[in-house]
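User: I am new to this structure and would like to learn how to read a few of its features. Could you take me through them one by one?

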Amino acid sequence: MKQLRVMTIFGTRPEAIKMAPLVQELSRRPGVESLCCVTAQHREMLDAVLRIFRLQPDYDLDIMEPRQTLSTITSKCLTGVERVLQEARPDLVLVHGDTSTTFSAALAAFYQQVKVGHVEAGLRTYDKYSPFPEEMNRTLVGDIADLHFCPTPANRENLTREGIQEGVFLTGNTVIDAMATTVRKDFSFTTELLNELDYQGRRVILVTCHRRENYGEPMAHIMTALRRLVEDHPETELVYPVHLSPVVREAAGQYLSGHPRIHLIDPLDVEEMHNLMARCYLVMTDSGGLQEEAPALGKPVLVLRRETERPEAVAAGTVKLAGTEEEAVYRLGAELLEDPEAYAKMAHAVNPYGDGRACERIGDAIEWSFGLRPEPPEPFQA
């Protein structure tokens, strides 16, 4: 009997973290031939994830170039993936979330008339410029995809409002699956500073800030507020793994360098980031993934953006939207550092994003959709 040929395509570190456990799950299924293609939209950070999950891509487009633009990423992905699909001829292409790789790979598959499955489908802010370009990427992929794997009921409802009801599955988020294998109590960091920090006696704030819509004035406001928080709270340490973007590195150096309790370090691999999250006190971020990951570890999250496509976490109480204005960021950070009740309320809220079985549900949904199993998977119950 011919195996179902499924090709998973991704190109950035966040995609890889969430797709790696799915590639592994599919490879364990006798009815599925699991192939992996990476675009390497992010080279260094992607390779670190591949090593951790022991993934060897079948195809590597290696598209990254200095100061690449959205147009160069998209065009190189589109033509590169086209060649791969013509050679491999998969029955289904899986893409994740909302990157330029995601959109380009889905479009290339559509042009080749290959079915598309969208992992982490249905996230929306309904503002096409925030986050940019992610909101339009995921919306356009939603129009192309045949199978939609939604992390939460709210994501599924977004698709319903857009008229997408066929091929929709409620699965939970695959990042929770990934964390089951990355977080360890005996973990040792390669960055010695992280081994030396006093996580019990000090309050360690983990920060990430890198989104394009925060470049310029918003980033200046955020970083000024972060410095004030550390200066006004002597029991705190701030750890900021600084994104490789030259724009981000310049801003971090300008506003945050030179303080003994602010530690600007190089980007961390997924294991180190997850284990740092497990030990820190508070997460302040403009990342999407950390809004899902940190609550699974009982850590409050302040989102350094004006809006979020993950309103479930806000509703559940694990996340607060801090925005990008200096006073609001400072005030919400100070509240969590000074008010034990406010902190406990967020830390003990239930994470709405998964139970560690999202990849299993996605695998079952794919097999059911292609007639390889008699029943669809049971939906994730948040």
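User: What should the 15 residues of helix α1 span at 1.5 Å a residue, and how far apart are its end C-alpha atoms?

Analyst: This is a predicted model, in which local features need pLDDT of at least 70, side-chain atom pairs count only at pLDDT 80 or more, and totals for chains, interfaces and linings use all residues. Residues are numbered from 1 along each chain as its sequence is written, and side-chain values use heavy atoms, with hydrogens and water left out. Helices are DSSP runs (H or I, at least four residues), numbered from the N terminus, and the expected span is 1.5 Å times one less than the number of residues. For α1, residues 13-27, the expected span is 21 Å, and the end C-alpha atoms are 21 Å apart, which agrees.

User: How many residues of α1 are buried?

Analyst: Buried means under 20% relative accessible area, exposed over 50%, and partly exposed in between (1.4 Å probe, protein chains only). In α1, 12 of the 15 residues are buried, so the helix is largely enclosed by the rest of the structure; among them are Ala-16, Ile-17 and Leu-22.

User: Which residue forms a salt bridge with Glu-367?

Analyst: Side chains of opposite charge can pair when their charged atoms come close. A salt bridge is counted when a side-chain nitrogen of Lys or Arg lies within 4 Å of a carboxyl oxygen of Asp or Glu. The partner of Glu-367 is Arg-373, with the closest N and O atoms 3.3 Å apart. Glu-367 counts as buried at 9% relative accessibility, whereas Arg-373 is partly exposed at 30%.

Note on methods:
Helices (H or I, at least four residues) and strands (E, at least two) are DSSP runs, numbered from the N terminus.
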